[in-house]
Amino acid sequence: MKRYRILAAAVVMQMCLGATYAWSVFVLPLKQITAILQSTAQLPFSLFYFAFPATMIVTGTLLPKIGPRRCAVVGGLLFGGGWMLAAMGRFHFAFTILGIGLMAGIGVGFAYIVPIATCVRWFPRQKGLVTGVAVAGFGGGAALVSHAAGSLMETLGMSPFATFELLGIIFLMLIALAGAVMENPPDSSVVVQQRLPVTGVLRDRAFVFLYLAMFAGLAAGFAVNANMKELYAGTGVQAGVKAVAAFALANAAGRISWGWFFDRGRSTAILQVNLLLQAALLLLHGFLLRSETGLMAFAALAGFNYGGILVLYASAAAEKWGSEQLSRIYGWLFSANIPAAASPIIAGVAFDRLGSFSPVLWGIGGLMVCGAIALGICRPLKNRKKSNFKLNHYVTPGHLKAN
């Protein structure tokens, strides 16, 4: 069936778009070649997670106008081109920052929302699960990229910059081809999306609390993922690559699993459990990061919990404001990535000056506990039937009648 073909193309797209999750594989080789500091090496990663959500704010409005196919193809061209530009970092590291950080970030901003918004429309009764499947590739793809990049650099002796160029060509072709498959169902309508009052949503207590909780969860995932190879001082290069892969694979599994939980459990409670599990892991990281086995367990658990962040809040937005409005609402909600993108740099500065990530991880863990408590107070998604959810008061009968 057409909808399953679209779902498969969505997974392929996301596998490529999630390549930046493998960034920590490149950090040590880049530091050795360019003699940059840990905090400097995190600039492409952090800029990426500024440009990506900032672009999504725009594309959330643009998507209904130009359609999912054009939006996805443009995103693929920019993302692949950004990795190819990053190869110019052999002349100056600024090219890598601009390529992977800015250009690729803008590309993902165009393409990322397409599979989510499109697949939710094709599978209206399984919002959480289908969102998880659609974006599982974003985490799982990083496992393939980390393994492939590690092999290219360690076994074949390729430089990080040559690796960027090769991967960029592959990404450009695959995303453009998969994006060409994207289309909305025949009976899909975008009228309600165009009528959505921005200020009404942004002032909603539910939106504010969801935004703050999502920020805490993203900050945790970024700080851990971007610095994975340096979290345990005793690990070698290959063990670090394995930890990155473990995070990525668990990230993919977490997206599907948490989406399944969301469809069957109490929505707010699921969000709280996700935050508290990750908070406990960060607060107790010192007990785990004493061996390679502990590192792998930490990476897998952190990736699994983080995977839920990218599914639960998209599903919550669809449940709260309706699937037809998801691209715009989630674009605004996803901007929580912008402040959260500072966490890898802050963690890198702490490591450069103190030789430890612990103060930052403890701080983020405490923030996640506060986020879980805030959601319990607000309860933004209470008393809603998932399978029969209708658009709420933001879309009035007058709006529908007028069209």
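Biologist: How is the burial of a residue to be read here; for example, is F52 buried or exposed?

Modeller: F52 has a relative accessibility of 1% and therefore counts as buried. The term buried means under 20% relative accessible area, exposed means over 50%, and partly exposed lies in between, with a 1.4 Å probe and protein chains only. The model is predicted: local features need pLDDT of at least 70 and side-chain atom pairs count only at pLDDT 80 or more, while totals for chains, interfaces and linings use all residues. Residues are numbered from 1 along each chain as its sequence is written, and side-chain values use heavy atoms, with hydrogens and water left out.

Biologist: How many helices and strands does the protein chain hold?

Modeller: Helices (H or I, at least four residues) and strands (E, at least two) are DSSP runs, numbered from the N terminus. In the protein chain there are 21 helices and 0 strands. Of its 403 residues, 58% are buried.

Biologist: What should one look for in an aromatic pair, and how many does the structure hold?

Modeller: Rings of Phe, Tyr and Trp (its six-membered ring) pair if their centres lie within 6.5 Å; planes under 30 degrees apart count as stacked, over 60 as edge-to-face and the rest as tilted. The structure has 23 aromatic pairs. One of them joins F26 and F164 in a tilted arrangement, 4.9 Å centre to centre with 55° between the planes. Since F26 belongs to helix α2 (residues 24-34) and F164 to helix α9 (residues 160-179), the pair ties together parts that are 138 residues apart in sequence. F26 is buried because its relative accessibility is 0%, and F164 is buried at 0% as well. Another tilted pair is formed by F52 and F334, at 4.7 Å centre to centre and 55° between the planes. This pair links distant parts of the chain, 282 residues apart: F52 is in helix α4 (residues 43-66), and F334 is in the loop between α17 (326-333) and α18 (337-340). F334 is buried, its relative accessible area being 0%.

Biologist: Which residues form an aromatic cluster with F26 and F164?

Modeller: The cluster consists of W23, F26, F79, W83, F161, F164 and F171.

Biologist: How is a nonpolar core recognised, and which residues have the most contacts inside the largest one?

Modeller: In soluble globular proteins, nonpolar side chains tend to be buried together. A nonpolar core is a set of buried Ala, Val, Leu, Ile, Met, Phe, Trp, Tyr and Cys residues joined through side-chain atoms within 4.5 Å. The largest here has 124 residues, and F79, W83, Y112, F164, Y313 and Y330 have the most contacts inside it. Helix α16 (residues 292-321) gives this core its largest share, 15 residues. A contact means heavy atoms within 4.5 Å. Leaving out residues up to four places away in sequence, Y112 touches ten-odd side partners that need not be recited; among them are F52, F138, Y330 and F334.

Biologist: How should one read a salt bridge, and how many are found?

Modeller: Side chains of opposite charge can pair when their charged atoms come close. The criterion is a side-chain nitrogen of Lys or Arg within 4 Å of a carboxyl oxygen of Asp or Glu. The whole structure has 2 salt bridges. E183 pairs with K2, with the closest N and O atoms 3.5 Å apart. E183 sits in the loop between α9 and α10 (191-194) and K2 in helix α1 (residues 2-17), so this bridge ties together parts that are 181 residues apart in sequence. E183 is partly exposed at 26% relative accessibility, and K2 is partly exposed at 34%. E183 also forms a salt bridge with R69 (3.9 Å, N to O). R69 lies in helix α5 (residues 68-86), 114 residues from E183. Shared partners join K2, R69 and E183 into one network.

Biologist: What is notable about the phi of A35?

Modeller: Most residues other than glycine have a negative phi. A35, a residue other than glycine, has a positive phi near 60°. A35 is placed in the loop between α2 and α3 (38-41) and is exposed, with a relative accessible area of 68%.
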